[in-house]
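Here's a quick tour for anyone meeting this structure for the first time. Have a look at the sequence and the model, then read on.

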Amino acid sequence: MQTVYVKLGGSLLTDKRRAETPRHDVIRRLAAEVQAARQARPDLHLVLGHGSGSFGHLHGQRYGTRAGVQTPAQWYGFAATGDAAARLNRIVVAALLEAGVPAWSIQPSVALRCVDGRICAGPEATVAQALAQGLAPVVFGDVALDSVRGGTIASTEEIFEWLARTLPPARIVLAGEVAGIFTADPLVDTQAHLLAEVTPASFATVRQGLGGSHGMDVTGGMAAKAAQALAWVERWPGLEVVICSGLTPGTLRTALCDPAQRVGTCLHG
């Protein structure tokens, strides 16, 4: 069996410029592609994750939850952020189940604990047991109790990094709005072109062209995600991270079923 982590970005699943606006058609299509990949590759163990988009990020920004939670108003924001993230999760999981995926939601905040913004405990045992039973566990960016900050937010990528310590993936697929890493921000520069691969050695030359997040995001934009992905490939030799567009029909299925057929940008050591 091959373990693959898949993150569906919040900007892909929602309109991050409009509060709590899911893209139902995109979510349903992606769910169908996940199921098609499972049928084509029965050997895949998929750990699914998704961002919070215009759901959790709206409240996270308003109350500054990631930076810390101390006052009663901030604790209200902490709870509201967690509730919003869970609402989007129910939409995503419902679509996966409708497509035939045995998707099981695992609320990260139940197990997550952080120390000054860094995860020190997580849901890895539950995720491992779910995979062993043939389920497709679904995690998501969520709030977390923090021994220094009181409370914070852990992104899906941070949760993936924690899980990978004991459940190492062969690949991580990050599906978002854009087709991969470009020489400049393709949403503002029509001359930008897609990079087929990026390594730790080449990243310094392309980093300045990376865009931030368009819309609400309290956990970092493309530059932060690319840097994090490269840290993963350096930490776990042999790991490949694919950054691709989930807006192009069939791309996610190809990324899962046929790694040799390159889509998006492949980050490797």
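Two residues count as being in contact when they have heavy atoms within 4.5 Å of each other. With that in mind, let's start at one glycine in this predicted model. Leaving aside residues up to four places away in sequence, Gly-250 touches Arg-29 and Glu-33. You'll find Gly-250 in the loop between E11 and helix H9 (251-257). Is Gly-250 buried, partly exposed or exposed? Its relative accessibility is 28%, so Gly-250 counts as partly exposed. Leu-46 is 204 residues from Gly-250 in sequence, and the C-alpha atoms of the two are 17 Å apart in space.

Now for the overall layout. The protein chain splits into domain 1 (1-31 + 44-168) and domain 2 (170-268). Their C-alpha centres lie 20 Å apart. Across the divide, 36 residues of domain 1 are in contact with 27 residues of domain 2.

On to the inside. In soluble globular proteins, nonpolar side chains tend to be buried together. Here, the largest nonpolar core has 36 residues, and the members that touch the most others are Tyr-5, Val-127, Ile-172, Ile-181, Trp-232, Val-241 and Leu-267. Several elements supply at least two residues each to this core: helix H5 (124-132), helix H6 (156-164), strand E9 (171-176), helix H7 (200-206), helix H8 (222-235) and strand E11 (240-245). Which of them gives the most? That's H8, with six residues. And where does this core sit relative to the two domains? Domain 1 and domain 2 both give residues to it, so the core lies between them.

Val-127 is worth a closer look. Not counting residues up to four places away in sequence, Val-127 touches Val-47, Ile-106, Pro-137, Val-139, Leu-163 and Leu-167. There's also a second, separate core of 34 residues, and among its members are Ile-27, Leu-30, Val-34 and Val-263.

Next, the pockets. Rolling a probe the size of a water molecule over the atoms shows where empty space is left. The largest pocket holds about 220 Å³ of space. Its lining is made up of Gly-117, Arg-118, Ile-119, Glu-158, Glu-161, Trp-162, Arg-165, Gln-228 and Arg-235. Sorted by class, that lining has five charged, two polar and two nonpolar residues. Strand E5 (118-121), H6 and H8 each supply at least two residues of the lining, and H6 gives the most, with three. H6 and H8 also each supply at least two residues of the largest core.

Finally, a pair of backbone oddities. Glu-20 has a positive phi although it is a residue other than glycine, and Asp-116 does too. Here they are side by side:

| Residue | Phi | Loop between | Relative accessibility |
|---|---|---|---|
| Glu-20 | near 45 degrees | helix H1 (10-13) and helix H2 (24-40) | 27% |
| Asp-116 | near 50 degrees | strand E4 (113-115) and E5 | 43% |

At 27% relative accessibility, Glu-20 counts as partly exposed, and at 43% Asp-116 does as well.

Methods
Residues numbered from 1 in each chain as written. Predicted model: local features only at pLDDT ≥ 70, side-chain atom pairs only at ≥ 80, totals over all residues. Heavy atoms only, no water. Core = buried A, V, L, I, M, F, W, Y, C linked by side-chain atoms within 4.5 Å. Buried < 20%, exposed > 50% of the residue type's maximum accessible area, 1.4 Å probe, protein only. Helix = DSSP H or I, 4+ residues; strand = E, 2+ residues; numbered from the N terminus. Domains from an automatic or database assignment. 1 Å grid on protein atoms, 1.4 Å probe; cavity = no way out; pocket = protein on both sides within 12 Å on 5 of 7 lines; lining within 4 Å. Points joined across faces, edges and corners; volume = space filled by probe spheres on them. Nonpolar A, V, L, I, M, F, W, Y, C, P; charged D, E, K, R; others polar.
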